[in-house]
Amino acid sequence: MTATVTPSSSSERLRLPNKPKPSPFAIGLGLLIVVFTVMCARRVGFSAAGLIENLQRPNPVLDGLLNTRWGEMFSARSRSAFLETLQMAVLGTTAGVIVSLPLALWSTEVGNPYVVPRLILRSINNVIRSIPDLVWAGLFVLGTGIGVLSGLLALFFFSLAVMVKLTADTLDGLDMGPVEAANAAGAPHTQMLRTAVVPQILPAFASYALYDLELNLRASAVLGLVGAGGIGVRIRFFQNRGQWDKLWGLVVMFFLVVFVVEFVSVRIRRRLV
Amino acid sequence: MSAVPGNRLELPSKGRDTARIALTTVFVVLFGWSAMSVELKWARLWTAPADMYRLFKVMFGDLPWDELGKMTGLMWDSIAMAWVGTLMAAVVAVPLAFLAAENLVGRPIAWVTRQVFNVLRAVPEVILALLFIPVFGLTPMAGVLAIGVGSIGSLGKLFYEIIENIKPGPIEATDAVGASAIQRLRWGVLPQVAPELTSFLLYRFEINIRASSVLGIVGAGGIGGTLADSFSFKAYGSAGLALIVVIVGTIAVDTISGAIRRRIVSGRSVDIGDSAKYAVDTGGMS
């Protein structure tokens, strides 16, 4: 960019511009990161030598991966567990998506002119979002017992957290023109939302819903680890008996399903946005 | 609105999107099939709120505050696991991301690297933890590796998308002065992508906190183990306290990390001395 310039007079050399000094923020952040990293590494007992040594030890799980039992993918029990996982993902996502639209509208300025309810809703959503999916599943297993219902409820809350956050962020970048037009034409609040807000966010919203389906499908594989139904129950079963070859058969099959769903979903999402 | 009386304006006909109708049909059928055939007594859905209310009453009714110190320590374990894992992932993901950016390497190499990212991205951390536990035992290191390997895919994907969006100008400039491949990365690419890379790293850290606080459920260290134990021994009070610690810890880290991210991306105004004078001198040349 800065090409060499021949000075007009030979005696007067051009000086390079001063380099900007690193800001106090950058220095502080750098120091903070180094200190934090050292603290964390000591806390978890991290050591590179131990890492390499441990990785060289014989590993039954890895042996199982190399001798995967492919037959496990198609046994009747695994198949029904798969269908259950798929059903949980579809139902949980649908319920979460339907409920998330009004909640997202109520948690933004355009849909809810009152500050206090808006703030309350946002903080509730922050709490929902900070609870991991497996913890939701554990809670519902305790409350409602082992089975599909607990997984379904866990996925519902998990979807709610993701969808409300993404949709609310989209709503923040809304084009206010149509809203003003609707208000100027005397539309009541719901009509304004229906005609000026929802059509604007619908493509993005549909895309988020598909993304959420992908997330839920992936999450529903592990929900069974705490007893919330689906393929995870089988994974837990094989893990407890140390049958890693069968476990890997299941996991690989699951990835194939996730890949196919993601492939289709990404195609559709590209069309939407 | 209506222009000429007697001559009514017709609304334009609505477009018909066949693909949209087909998609909607597919989803409705899928939903219907799921709802009908899932092994679930739907009546139980109505008793669920009462069940959950009873659970919350025993969980938060009598909190064992004397366990707070232990819980905070375990949450701190989870946070440390997430951070070390995220850093480990970044160390692997950054060089790989350069190999996945089509504007830096050829298409075939980029394609292969991206498939690696895709496979890694598909594996849930908990499954990875199952893989590492027999190697490292029931220690935080198993969790660190699970998070580290699990984040390579998504970090790499975000990173190469950032790298592909850089401006070609600085790269051309480094090429024009005869920079080597490494120098080109150091001066042409890295300064452009560094702020966004850092920001995504922190964002991933926030996500990984959620992952690492549940890894303990399968035995990989952190607060998840206590949570799972108190669930299975029906120690509801401890479970409630652990849950509160997880929520408060996660929100606290989110808030701090979010503030740093905003500051990094918005940047600051830089005072570069009296360079404006020289900009005039070189202006005619560039």
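In chain B, the helices H5(B) and H8(B) meet through a small set of residues, with Glu125(B), Val126(B) and Ala129(B) in H5(B) facing Ala211(B), Val214(B) and Leu215(B) in H8(B). Sorted by class, this contact between H5(B) and H8(B) has five nonpolar residues, no polar ones and one charged residue. The model in which these features appear is a predicted one.

**How the two helices pack**

- Helix H5 of chain B covers residues 125–136 and helix H8 of chain B covers residues 181–215, and the two pack at an angle of about 50 degrees, with their axes 10 Å apart.
- Because an angle of this kind falls outside the ranges for roughly parallel, roughly antiparallel and roughly perpendicular, H5(B) and H8(B) are oblique to each other.
- The crossing in which H5(B) passes H8(B) is right-handed.

**A loop residue with a positive phi**

- Lys234(B) is found in the loop of chain B that lies between helix H9, residues 223–232, and helix H10, residues 236–266.
- Although Lys234(B) is not a glycine, its phi is positive, at about 55 degrees.
- Lys234(B) counts as exposed because it has 10 C-beta neighbours inside 10 Å, and the cut-off for an exposed residue is 12 or fewer.

**Where chain B touches chain A**

- The contact between the two chains involves 62 residues of chain B and 55 residues of chain A.
- On the side of chain B that touches chain A, the residues divide by class into 44 nonpolar, nine polar and nine charged.

Technical notes. Residues are numbered from 1 along each chain as its sequence is written. Chains are lettered from A and ligands numbered from 1 in the order in which they are written. This is a predicted model: local features need pLDDT of at least 70, side-chain atom pairs count only at pLDDT 80 or more; totals for chains, interfaces and linings use all residues. Two residues are in contact if their C-beta atoms, placed from the backbone, lie within 7 Å. Ala, Val, Leu, Ile, Met, Phe, Trp, Tyr, Cys and Pro count as nonpolar, Asp, Glu, Lys and Arg as charged, and the others, Gly among them, as polar. Helices (H or I, at least four residues) and strands (E, at least two) are DSSP runs, numbered from the N terminus. A residue is buried if 20 or more other C-beta atoms lie within 10 Å of its own, exposed if 12 or fewer, and partly exposed in between; C-beta atoms are placed from the backbone. Axes are lines fitted to C-alpha atoms, for helices over the stretch in contact, and angles run from 0 to 180 degrees between N-to-C directions. Angles under 35 degrees count as roughly parallel, over 145 as roughly antiparallel, 65 to 115 as roughly perpendicular and the rest as oblique. A crossing is left-handed if the near helix is turned anticlockwise from the far one by less than a right angle, and right-handed if clockwise.
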